[in-house]
Amino acid sequence: MAVAVGTLLPAIGLFIWFPTGLQLYLAALCSCCLGLLVSHPQDRRQIESDSAIDLLLTIAHDKPIYDETLELAKALKQITQIPDLVFREAAVQKIVSARSELQQVADGTLVFGGTESWRLVYEALLRSRHVFLYRSVAWIKSADYWQDEPGKQSTQLNLELIDNQQLSIERIVILRQSVWPADQPFPDEPILSWIDTQHRQGCWIKLVRESAIDSEPDLLGDFGIYGSHAVGEHILDDKCQTVRFILRFNFEAVEAAENRWKRLGIFASVYRDLLDSRR
């Protein structure tokens, strides 16, 4: 017990620097930790090893996270006040599920499913002062690719950022045979216009037929690399509608995507060169 109290004492002096509400919050959390140490000796080692007080102080210094932590704590308190055993069992299952999802976020992964809300994060990343280069792989399975209103707005955002010299964009476009017939020098409309407009605005574009990478199926995909900051991947259906958007903020994911990008580039042709060959 002396070890645990000794761990907490240096932090007590810091409390006077926090607002009164925050002092009360931290005091309550610290009391919980001490209570666990007294009533559950088996948990003592785990609490000490996780540096519980350091964890609490870190959360306290991040106001948005602190505010949400407080709301979560209030919700958990309300759950404890409903005694029905069936409810409690179901509630614990829900909490475990939520914790698993939160852990995924803690690992730097955001998953968006079934909505267009991912475009808000997509736009924020492209406008971020940390991102100067955006490398995108567009897997076009049908002529509907980015032809709806949200898609057109996202394309316009790309063009705006290029025009304002806020962002450099490089794009590799993978095209299915139904969109780029084997006997045609260029893809069909409206995809050709979508590609050409970006090219003329300053986007560096390469094209590759889907059939050309049959032997490298892991290269098939629709993803974007936001500088060295993050990687976003679309899971698309055959109508090119987003089923899920996965955003990963970690170096390993960026490095893997860069290697994938380089390998894919070996099979692709520069769009400008295709234009020049037709003149």
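The largest pocket has a lining of 22 residues, and those nearest its centre are Thr-69, Leu-72, Leu-76, Arg-99 and Leu-102. The model is predicted. This briefing covers the pocket, the packing of two helices that contribute to its lining, and the aromatic pairs.

**Largest pocket**
- The space in the largest pocket comes to about 1200 Å³.
- Three helices each supply at least two lining residues: helix 2 (20-39), helix 5 (63-80) and helix 6 (85-106).
- Helix 5 gives the largest share of the lining, with 11 residues.
- Sorted by class, the lining consists of 15 nonpolar, five charged and two polar residues.

**Helix 5 against helix 6**
- The axes of helix 5 and helix 6 are 10 Å apart, and the two helices pack at an angle of about 160 degrees.
- Because angles over 145 degrees count as roughly antiparallel, helix 5 is roughly antiparallel to helix 6.
- On the helix 5 side the contact involves Leu-76, Ile-79 and Thr-80, which meet Phe-87, Arg-88, Ala-91 and Ile-95 of helix 6.
- The residues of this contact comprise five nonpolar, one polar and one charged.
- Leu-76 belongs to this contact and is also among the residues nearest the centre of the largest pocket.

**Aromatic pairs**
- The whole structure contains 10 aromatic pairs.
- One of them joins Phe-112 and Phe-245, whose rings lie 6.3 Å centre to centre. Their planes are 40 degrees apart, and the pair is tilted.
- Phe-112 is in strand 1 (residues 109-113) and Phe-245 is in strand 7 (residues 242-248), so the pair ties together parts 133 residues apart in sequence.

Note on methods. Residues are numbered from 1 along each chain as its sequence is written. This is a predicted model: local features need pLDDT of at least 70, side-chain atom pairs count only at pLDDT 80 or more; totals for chains, interfaces and linings use all residues. Side-chain values use heavy atoms; hydrogens and water are left out. On a 1 Å grid over the protein atoms alone, a cavity is a set of points where a 1.4 Å probe fits but cannot get out, and a pocket is an open set with protein on both sides within 12 Å along at least five of seven lines; lining residues have an atom within 4 Å of a point. Grid points are joined across faces, edges and corners, and a volume is the space filled by probe spheres set on the points. Helices (H or I, at least four residues) and strands (E, at least two) are DSSP runs, numbered from the N terminus. Ala, Val, Leu, Ile, Met, Phe, Trp, Tyr, Cys and Pro count as nonpolar, Asp, Glu, Lys and Arg as charged, and the others, Gly among them, as polar. Axes are lines fitted to C-alpha atoms, for helices over the stretch in contact, and angles run from 0 to 180 degrees between N-to-C directions. Angles under 35 degrees count as roughly parallel, over 145 as roughly antiparallel, 65 to 115 as roughly perpendicular and the rest as oblique. Contact means heavy atoms within 4.5 Å. Rings of Phe, Tyr and Trp (its six-membered ring) pair if their centres lie within 6.5 Å; planes under 30 degrees apart count as stacked, over 60 as edge-to-face and the rest as tilted.
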